[in-house]
Each structure stands twice: as C-alpha cells, then as structure tokens.
Amino acid sequence: MVTIEREDGDRTRDEEGRAAGGTGSIGPADGEGPVADGPPGAPHHEGVWRFTAPAVDASVPQARRAVRDLLARQRVPVSEDVADGLLLIVSELTTNAVRHAAVLSPTLAVEVAVGADWVRVSVEDRHPYRPTALEADHGRTGGRGLLLVREITREAGGVCDMAHTASGGKVIWATLPLRPLP
C-alpha cells in the first residue's frame, strides 16, 4: 500500500496508485477544477503531494508509478525528457532508502512539489546517515545512484541536495525545470 497525505487528510492507495475502496483521491478527477492545496489562482498543476510507503523493494516501482500518474493526472506541463529523468531520480532515491535506511526507517516518504515552471521530488527516511555521491568506479556494479541523480539534475539545469530532518533522519531532493535547457 502507498499512502497519499494531503492537507485534507490521508488517503490510502492500492499498489497501482488508485484510491482503495473507491474513496479518496489525490486531486480532481482527470484534472478538473483547482488543486486543493495549491495557492489561490495557481494553475491546476501546482501543489504538493506526499506519498508514504513501507521501505521494501515493492515500493520502488509503486513510487515511480505514483509520481508518473500524478504528473499525468495533474496535467503537469513537463517535457518527456525531464519526466523520464525525474522518474529515474525517484527510482534511485527510493531504492537507496529501501536498501540502506530500512533497518532504522521502516517507512519512507516521497514528496512531489510542482510550481509554475519547476518540479521537485524528495525522498525522506528516518536513517541519520547522509550518503555522498560517489565518483564513478567502472569496476563496481553499485554505489552510483546518487552520482546518477546528481548528473541527471545537473544536465536538466536543476539542483539537488540533502538535509537532516527535525526527526533526525534525512531528506534528499532534486528540483528540475519543467522544460529542458536549450
């Protein structure tokens, strides 16, 4: 199960990101009407959504699908290249939380924030360790996820960083422009 949290209350979602039991939603159906948590007068695609999930392998594709579906449902005017990069970032950051933080963080949170011309995705867990983006070691088969996140973000003209949370965990985020650099 993936849980969507909004200002108007929690909504439980099934593995495909649909409202469980036919109740609740993350926004207006098919993009109708304004987004409840966006500023007054803001385009319907602006807002902030937070997904929570258990720190297990199955949550990686679920988080990726939930973000993809959210972008489509809210009609976020994101280019295909930026959307592909953003979804890869979601996969990498969620995978890191599952592989490296689950021992101290049984759940993780994915937050998507969309502004007029940018989109930010962040993954939060309760593990205090702050990893570093490793340099590429072509002999290794792993350990390059944050390097990949940093490169995708840089190539898109965005920024990424990491911070401690008030609860002692960490949040890693990347902000990308909705349109790629010329």
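Here is a short conversation about three helices in a predicted model.

Student: Where does Thr153 sit?

Tutor: Thr153 is part of helix α3, which covers residues 145-156.

Student: Why is Thr153 called buried?

Tutor: Its relative accessible area is 1%, and buried means under 20%, so Thr153 counts as buried. Leaving aside residues up to four places away in sequence, Thr153 touches Ile89, Gly158, Val159, Cys160, Ala174, Thr175 and Leu176.

Student: Which other residues of α3 are buried, and what do they pack against?

Tutor: Gly145, Leu146, Leu147, Val149, Ile152 and Ala156 are buried along with Thr153. The buried residues of α3 pack against α2 (80-101), β6 (159-164) and β7 (170-177).

Student: How do you know that the span of α3 agrees with its number of residues?

Tutor: With 12 residues at 1.5 Å a residue, α3 should span 16 Å. The C-alpha atoms at its ends are 17 Å apart, so the two values agree. Right after α3 comes Gly157, with a positive phi near 85°.

Student: What makes α1 and α2 roughly antiparallel?

Tutor: Their axes cross at roughly 150°, and angles over 145 degrees count as roughly antiparallel, so that description fits α1 and α2. The axes come within 9 Å, and α1 passes α2 in a right-handed crossing.

Student: Which residues meet there?

Tutor: From α1 they include Val60, Ala63, Val67 and Leu71, and from α2 they include Leu87, Val90, Ser91 and Val98. By class, the contact has nine nonpolar, four polar and two charged residues.

Definitions and conventions:
Residues numbered from 1 in each chain as written. Predicted model: local features only at pLDDT ≥ 70, side-chain atom pairs only at ≥ 80, totals over all residues. Heavy atoms only, no water. Helix = DSSP H or I, 4+ residues; strand = E, 2+ residues; numbered from the N terminus. Buried < 20%, exposed > 50% of the residue type's maximum accessible area, 1.4 Å probe, protein only. Contact = heavy atoms within 4.5 Å. Expected span 1.5 Å × (residues − 1). Axes fitted to C-alpha atoms, helices over the stretch in contact; angles between N-to-C directions. Parallel < 35°, antiparallel > 145°, perpendicular 65-115°, else oblique. Left-handed = near helix turned anticlockwise from the far one by under 90°. Nonpolar A, V, L, I, M, F, W, Y, C, P; charged D, E, K, R; others polar.
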